[in-house]
Amino acid sequence: MSVWFGRGFLSNSNLLESLIHAAKISTDFKPLSEDLASTLERLIPLSEEIESFQGKLDFAYGDLKELVDTLFQAREVVNTCIEGVSWFQKPILTREIQRIINDMLKFSQTKLQFLQFRTLDDGGLCKRIDGFSVPVYTDLCSVPLPDKDLLGFDYPLMELKKKLLDDSVGSLVVCAPPGVFKHIFYWVTSRTPNLRVMVQHLLLHNGFKDLTFSNDSQAANCLRKLLEELKGNGGILLVFDDVFAGAESLLKTFQINLQDYKILVTSQFEFASFGPTYHLKPLEHQDAKNLLIQLASPLPHHTNPYEFEDLLQKTLKRCNGLPLVIEVVGVSLKGRSLHLWKDQVESWSEGKTILERLQPSFDALKPHLKECFMDMGSFLEDQKICASVIIDLWVELYGTSSSSSIVYMKYLNDLASQNLLKLIPLGKNEQEDGFYNGILVTQHDVLRELAIHQSRLESILETKRLHLKIIKNIFPDWYSNLRQPINARLLSISTDDLFSSSWVEMDCPNVEALILNLSSSDYALPSIIAGMKKLKVLTITNHGVSLAKITNFSCLGSLPNLKRIRLEKASVTLLDLPQLRLGSLQKISFVMCSFHEVFYECVDIDISKALPSLQEIEIDYCYDLDEVPYWVSQVVSLKKLSVTNCYQLSRLPNDIDNLSKLEVLRLASCFNLCELPETTSELRNLRFLDISDCTGLRKLPLEIGKLQKKLKKISMRKCWRCELPGSVVNLENLEVI
């Protein structure tokens with residue numbers, strides 16, 4: 001067995017066997033250590049098959065990366081067990097051993113078989129076209145598990161299965177009012193579906209590396225080839241969720257005559273030319289009633305049960321059996337008095353659309369929450385948005401000098417409590433000091449439409465929020481006819497993968513927040529940004545499969561009020577922004593970015609003058625970052641430095657002690673980081689150090705005790721091999737470790 005383990009510690013079967021032997025002789029954790037050894041033994045007969053994958057899969061990414069990480073963690077645990085552990089470490093290591101066993105069982109039982117057919121000689125499917133080194137994502141099209149019990153779906157689901165499993169049915173359309181299908185997912189289809197991106201995601205989901213297509217015909221040919229290869233491994237079911245009207249031609253592209261291949265479409269609309277339609281009815285009365293009572297409990301105190309039953313029936317009648325309406329209405333009535341129930345019923349009228357039925361939930365919001373809810377329409381549909389993105393936006397649009405990000409996190413919680421959006425905690429990161437990267441925000445399409453509808457009540461020129469959508473370089477009619485400046489404070493611009501960055505001039509003197517949603521691999525920032533003198537927040541998010549090379553950063557150089565910049569899935573040079581000399585910039589965020597031209601030698605830039613106001617730098621999931629660039633340690637105004645999930649990061653600048661104002665240092669999940677510079681102990685204002693999941697970290701600075709005045713918390717989750725120096729006893733203000 002030749003070298004297939006990326007980190008190099010497992011280069012032949014003898015080393016694997018030595019790891020098994022070490023697990024067996026560990027006496028402190030029996031019988032768990034014996035289970036670990038037994039599980040490791042399962043990998044020996046699989047080694048030849050893993051060997052056969054060489055040259056066909058990138059071992060640094062995907063499912064094999066999971067195995068690599070798990071084995072690396074197994075080595076760390078076993079070595080720790082052999083060296084001996086203290087009593088308080090035993091519970092931690094016990095849980096870690098059990099997790100490692102479960103992860104390896106999952107791989108050996110379920111994932112290896114999929115790797116076999118992913119490596120087929122496909123004549124091109126596995127060849128990488130772009131030159132960027134990023135992970136191959138393999139979980140892009142999975143069906144999510146429902147987050148709650150589903151009421152009233154037993155019989156419709158049984159009927160649907162019966163129809164779908166009929167050999168004479170190749171395509172089936174499930175038609176129902178909006179809000180019914182939120183628990184079904186394979187590909188959530190946008191209003192402007194993109195065949196090229198859909199095929200790219202199918203390739204990645206099945207373990208192939210992404211291809212780029214210059215037109216839809218290329219993508220269609222690749223789709224057929226992919227499906228033909230996959231069909232030999234069992235039946236194929238494609239599910240397209242929430243398909244909008246006018247998508248017939250796209251759906252027909254997926255209609256390929258293959259055995260055991262079926263397509264299921266869910267939509268508010270019928271597609272008669274595509275396949276038969278199964279009409280999913282609204283909830284039956286009793287199911288609707290049970291759902292409403294479940295959501296609205298505790299119910300109001302009432303002395304007359306007949307009167308309350310009448311209110312309940314009137315509420316159910318207005319909801320018309322639509323789960324989304326019942327959900328929003330039920331939560332809005334939760335714990336409310338009988339008087340408020342009566343007001344709600346009296347405010348409704350018959351014959352309303354779903355948006356009109358949801359309008360009372362918007363009307364009941366406080367003014368500041370109405371503004372925040374309407375802002376949600378500026379993000380693309382069906383997205384999981386990092387909470388910190390939204391909070392940064394609101395801090396600058398609505399905040400004062402004394403405003404805290406905690407206030408705007410509360411706003412998100414308030415909207416979630418009314419079921420107007422959902423919060424998904426990842427459960428990984430500490431949620432303090434304004435760091436909310438561990439929370440994702442989602443919103444149902446209909447609720448997003450409700451937010452957009454409120455903004456459309458104003459004219460293009462007068463609205464506070466404006467969304468510009470450009471498809472295939474075609475601008476909307478209203479854009480071409482603009483002759484006057486727009487009044488919007490929040491502008492979002494979305495472009496597809498064919499956009500050529502050919503911009504048309506637009507005067508936007510009042511824009512304070514700009515959201516750019518792009519999908520192309522090359523993207524030039526619009527020159528109109530240079531005229532946005534009030535701009536405070538710039539968010540650039542790439543929704544394409546490959547990294548986007550961003551150019552024309554020079555248009556930002558004339559913006560006196562720009563405070564926050566966030567780039568996601570972009571290819572940039574870390575010197576792009578310092579060279580612009582942005583005097584007001586307070587925060588920079590890089591997420592899933594590639595720094596392919598990082599220069600560490602000195603350049604003729606005085607960073608302290610180029611970025612005099614910068615207080616926070618976030619670098620997250622940037623896979624090719626192996627060293628924090630030198631200029632970061634020259635940002636003397638910096639208060640928060642977060643470098644997380646950067647697996648190749650090996651060191652921090654030795655002169656990090658220049659950051660005399662630094663209060664928060666986050667280095668979570670940087671596995672390759674072995675030590676912190678000794679100069680870290682000179683950060684006298686540091687109050688929070690996060691090194692959780694830095695499994696390669698061996699020690700803390702010897703003189704870390706010098707931080708006794710301010711340091712209050714050290715997060716060391718899964719750092720069981722990290723040695724604590726004797727000076728830690730001097731940390732008199734340390735509250736948590």
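In the predicted model, strand S14, which spans residues 548–551, is joined to strand S16 by 2 bridges, and the two strands run parallel. Within this pairing, Ala548 of S14 has Ala570 in S16 as its bridge partner. The pair belongs to an open sheet of 3 strands, arranged in the order S12-S14-S16 with parallel pairing. At the edges of this sheet lie strand S12 (522–524) and strand S16 (570–571), each of which pairs on one side only.

The nonpolar residues form separate groups in the interior. The largest nonpolar core contains 89 residues, of which Leu525, Ile550, Leu556, Leu567, Phe590 and Ile691 touch the most other members. Apart from this core lies another one, made up of 61 residues that include Leu283, Leu316, Cys372 and Leu393.

Helix H7, covering residues 195–205, was examined for burial, where a residue counts as buried when its relative accessible area is under 20%. Because 11 of its 11 residues are buried, helix H7 is largely enclosed by the rest of the structure. The buried residues of H7 include the leucines Leu195, Leu202, Leu203 and Leu204, but Arg196, Gln200, His201 and His205 are also among them, as are Val197, Met198 and Val199. At the start of H7, a side-chain oxygen of Asn194 comes to within 3.0 Å of the backbone nitrogen of Arg196, a residue that is itself buried. After the helix comes Gly207, which has a positive phi, near 90°.

Definitions and conventions:
Residues numbered from 1 in each chain as written. Predicted model: local features only at pLDDT ≥ 70, side-chain atom pairs only at ≥ 80, totals over all residues. Heavy atoms only, no water. Buried < 20%, exposed > 50% of the residue type's maximum accessible area, 1.4 Å probe, protein only. Helix = DSSP H or I, 4+ residues; strand = E, 2+ residues; numbered from the N terminus. Polar contact = N/O pair within 3.5 Å; in protein donor to acceptor, adjacent residues only side chain to side chain. Pairing = 2+ DSSP bridges. Core = buried A, V, L, I, M, F, W, Y, C linked by side-chain atoms within 4.5 Å.
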